[in-house]
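Visitor: I'd like a close look at one single part of this protein rather than a quick tour. Could you pick a strand and walk me through its surroundings?

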Amino acid sequence: MKRRDFFSHAAITAVAAASVSKVAMAALPEPSFMSHAGTAAPLSPANGLPYHPVVTLNGWTLPWRMNQGVKEFHLVAEPVVREMTPGFKAHMWGYNGQSPGPTIEVVEGDRVRIFVTNKLPEHTSVHWHGQRLPNGMDGVSGLNQSAIPVGKTFVYEFEARRPGTFMYHPHADEMTQMAMGMMGFWVTHPKLDKAGKHPLIDTVDRDFVFLLSAYDIEPGSATPKIMTMLDFNLWSWNSRIFPGIDTLNVRKNDKVRIRVGNLTMTNHPIHLHGHEFTVTGTDGGPVPNVARWPEVTTDVAVGQMRQVEFLADEEGDWAFHCHKSHHTMNAMGHNVPTMIGVDHRGLIKKLQQASPDYMVMGERGMADMGQMEMPIPENTAPMMTGKGPYGGIEMGGMFSLLKVRHDQQPGDYKDPGWYPQPPGTQAYEWTGTLPKHARPTPPPSNTASSATPAPTDAEVRVRKPAASGGHGGHR
Ligand SMILES: [Cu+2]
């Protein structure tokens, strides 16, 4: 993330925490709004119990005010414009100016009051995923409460009983509202013992959070198609797609925690290069020590949260991404045939005489898509893109980098630039002589001495019914 993306929460929080008159405290807390998709600096608590705040990738934490011992937040559900990556803006629904909404951070045992104002064109509600709370605060419209009508404000109030990693989202016309981007992150920090420790939740140097979301937005348009069930074309982290997702910048030997929640319609195997991590928590709470094991990929199923931790002890720029390769691509049509191995050279000339812009996609694989600056409709993200120090990264969607540097200062989250590979530590081209390609000779086919016939080369051909026969053959 760049320095200019940072803004100071300090000013907002100072106003919120200042001694406000009793009349003002009886009114709604002034809501805060965010106007850009940059990663905000962590919001250090101005009051209440101390904790080490999280960093929301391409997001921010909602400031609160303390009203007679209750932490008061104000969420505004409303239509928003979200820049998913530079050059591509989506028309979504979200909270307080962005999708996803701001992260809410509290401490175990906090009394929390959340005002929710509905500025959407239809009713809504908020479900506090994973929380222990009174049944009437669980946010399922029609079941636990009546939906929040357009223009009205409802109040949710409960104690944050369980420390952990949670999220919030509507439970009213859920399909539409989540397809439109309504969701947010919630972290309940643990109450620590006298030694400043929790038996299962470690204090870490860096704590990153993001939600997995998916959208179906036609190239050249801006509004997600809400009826899409599985065939999404934009796979995002916090409603951002590579190269628009900020990198996770850490200091060498930092203990790092990453918390991920999945509000898409499919699972995402989240994979980190260069390090092993441990799943230390889920939306069910911290994982007991005996149930932890090392991994480099953890599957985050639909509606789940995973919290992973590792020691960032390897310097470099390490890829961090969903391992479903189609989830590290951006929007394109689905009906593109596989053209690998098809030689078009004769045909393409003829086609280009009729249509000078005609191009064949994927004759030698799809890497060409990343290399060529293909003309794309306005307000569309390239399918695979991103320039690295050594060429195109050829990625999109759910892809970012963990950047580990020995000289990254504590508390500094800015992007340190590309990692300079130390001499002699990078893959290089072999320029010596190559041996002749030795291939095993197939055994002679079907000789008298062999008991079983040796396999012969087989080529699968699709044989279409002859014109004269065709389906008539069924007679
Ligand atoms: Cu995925």
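**Strand β11 and its partners**

Guide: Let's go with β11, which pairs with strand β12 (residues 234–237) in the antiparallel sense, over 4 bridges. One of the matches there is Leu-212, whose bridge partner in β12 is Trp-237. Keep in mind that this is a predicted model.

β12 has company around β11. Strand β14 (residues 254–262) is joined to β11 by 7 bridges, and these two run parallel. Here Arg-206 has Val-256 of β14 as its bridge partner. Then there's strand β1 (residues 55–56), which pairs with β11 in the parallel sense over 2 bridges. In that pairing, Val-55 finds its bridge partner in Phe-208 of β11. As a general reminder, strands of a sheet pair through backbone hydrogen bonds, either parallel or antiparallel.

Now for the side chains. Arg-206, Phe-208, Phe-210, Leu-212 and Ala-214 point one way from β11, while Asp-207, Val-209, Leu-211, Ser-213 and Tyr-215 point the other way, and all are buried. Put as a count, 10 of the 10 residues of β11 (residues 206–215) are buried, so the strand is largely enclosed by the rest of the structure. For the protein chain as a whole, 39% of the 475 residues count as buried.

To place β11 in its setting: the chain has 5 helices and 24 strands. Among contacts between residues at least 6 apart in sequence, 74% join residues at least 24 apart.

Conventions: Residues numbered from 1 in each chain as written. Predicted model: local features only at pLDDT ≥ 70, side-chain atom pairs only at ≥ 80, totals over all residues. Buried ≥ 20, exposed ≤ 12 C-beta atoms within 10 Å, placed from the backbone. Contact = placed C-beta atoms within 7 Å. Pairing = 2+ DSSP bridges.
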